[in-house]
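Biologist: I am new to this structure and would like to go through it with you. Could you put it on the screen?

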Amino acid sequence: MADFLETMPKAELHLHLEGSVEPETLHELDPTTPIEECRAIYSYPDFDAFLKAFGAVGKRLRTPEDYALVTRRLLERLAAQNVQYAEIILAAGVVLWKEQEFAPIFDAVCEASRGSAVEVRWILDAVRQFGVEPAMRVAELAAERVDRGVVAYGIGGSEERGPAGWFTEVFAFARRAGLRLTAHAGESMGPESVWAALDLGAERIGHGIASVRDPELMRHLRERDIPLEICITSNLVTGVVKRVDEHPIRQLYEAGVPIVLNTDDPAMFRCSLTEEYRLAASVFGFSEAELLAIAENGFRYAFRRPEKISSGDIPCGLSR
Ligand SMILES: [Zn+2]
């Protein structure tokens, strides 16, 4: 099983660039923060503390070169796990909050991903609790780059402090611009937050684990073929799931809800995609055939059909 999981072709659909920055790289970017202090940033008693840590890492990405460096490091780690396709979430909302110019940063990450073994697409996301106007600015930045590898627009951050209903117009604008839509929801809040994200037109749900508490919602996700981007370790580290065996991945899968497996923030949660599959096997009893089907979902639910990947190369072949 170990070798099989390592070599199996994989896709990452829920992966934050800023969350992939290792403490050692953070120290390299900001030598004024001692390495022990950098490591201390990566511990979070609760979900809000994690959001603050995410901001603390983001703050230390100061130049386009910094962003390029962390992109290269991430892609090396993905390639080593045979991740062949990745939709990387770039926190454009944080870039604007830092009052940085977005264009040179996006140019730098595009350049850094050129020539990688991993086929890369970008999702620009806004921070819910920053409000509507900054979210619209992110949508505009995404809309300007639909021909340059930006496939989708999303919202993340605090579901409590940035309710989905605020963003109806923003999502409508993004859709008209040709962007696909995703939203973090049902991570720290209940099923009603997932329904609200669906009302916005979200085509994939980041986490969405609270859906397990609402049979009608699970039926809706299954019938509409809307996948949940499941990130097991993330949910444990942020405390939204208290114990690994309480994670609802198996129940969601058994209910026929489409799922994809992801890392979310691999450095901040000390995980890898291969290890997430291993966890699914060891704790939740997923068989090789089931893991292959989930891996295939990573390609199937990509917002743009992977170009470099021939159907023979992916686990079961792209069936549609
Ligand atoms: Zn996320």
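Biologist: Which residue follows α10, and what is the sign of its phi?

Modeller: Gly-201 follows α10, and its phi is positive, near 100°. Please note that this is a predicted model, in which local features need pLDDT of at least 70, side-chain atom pairs count only at pLDDT 80 or more, and totals for chains, interfaces and linings use all residues. Residues are numbered from 1 along each chain as its sequence is written.

Biologist: And α10 itself, is that mostly covered or mostly open?

Modeller: Helix α10 (residues 191-200) is mostly covered, with 7 of its 10 residues buried. A residue is buried if 20 or more other C-beta atoms, placed from the backbone, lie within 10 Å of its own. Helices are DSSP runs of H or I with at least four residues, strands are runs of E with at least two, and both are numbered from the N terminus.

Biologist: Which residues are buried there, and what covers them?

Modeller: The buried ones are Pro-191, Ser-193, Val-194, Ala-196, Ala-197, Leu-198 and Leu-200. Their cover includes α9, β5 (180-185), β6 (204-207) and α11 (215-224).

Biologist: Where does α9 run relative to α8?

Modeller: The axes of α8 (residues 132-143) and α9 (residues 168-176) come within 9 Å and cross at roughly 5°; the axes are lines fitted to C-alpha atoms over the stretch in contact, with angles from 0 to 180 degrees between N-to-C directions. The two helices are therefore roughly parallel, a term for angles under 35 degrees.

Biologist: Which residues meet there?

Modeller: From α8, Val-132, Ala-135, Met-136, Ala-139, Ala-142 and Ala-143 meet Val-170, Phe-173 and Ala-174 of α9. Contact requires C-beta atoms, placed from the backbone, within 7 Å. The residues of this contact comprise 9 nonpolar, no polar and no charged; Ala, Val, Leu, Ile, Met, Phe, Trp, Tyr, Cys and Pro count as nonpolar.

Biologist: Changing topic, where is Leu-17, and why does it count as buried?

Modeller: Leu-17 sits in the loop between β1 (10-16) and α2 (23-29). Leu-17 counts as buried because it has 21 C-beta neighbours inside 10 Å.

Biologist: What does it touch?

Modeller: Leaving aside residues up to four places away in sequence, Leu-17 touches Val-70, Thr-71, Leu-74, Ile-88, Ile-89 and Leu-90. Leu-17 and Leu-74 are 57 residues apart in sequence, yet 7.6 Å apart in space, C-alpha to C-alpha.

Biologist: Finally, how many helices and strands are there in the protein?

Modeller: There are 15 helices and 8 strands.

Definitions and conventions. Angles under 35 degrees count as roughly parallel, over 145 as roughly antiparallel, 65 to 115 as roughly perpendicular and the rest as oblique. Two residues are in contact if their C-beta atoms, placed from the backbone, lie within 7 Å. A residue is buried if 20 or more other C-beta atoms lie within 10 Å of its own, exposed if 12 or fewer, and partly exposed in between; C-beta atoms are placed from the backbone.
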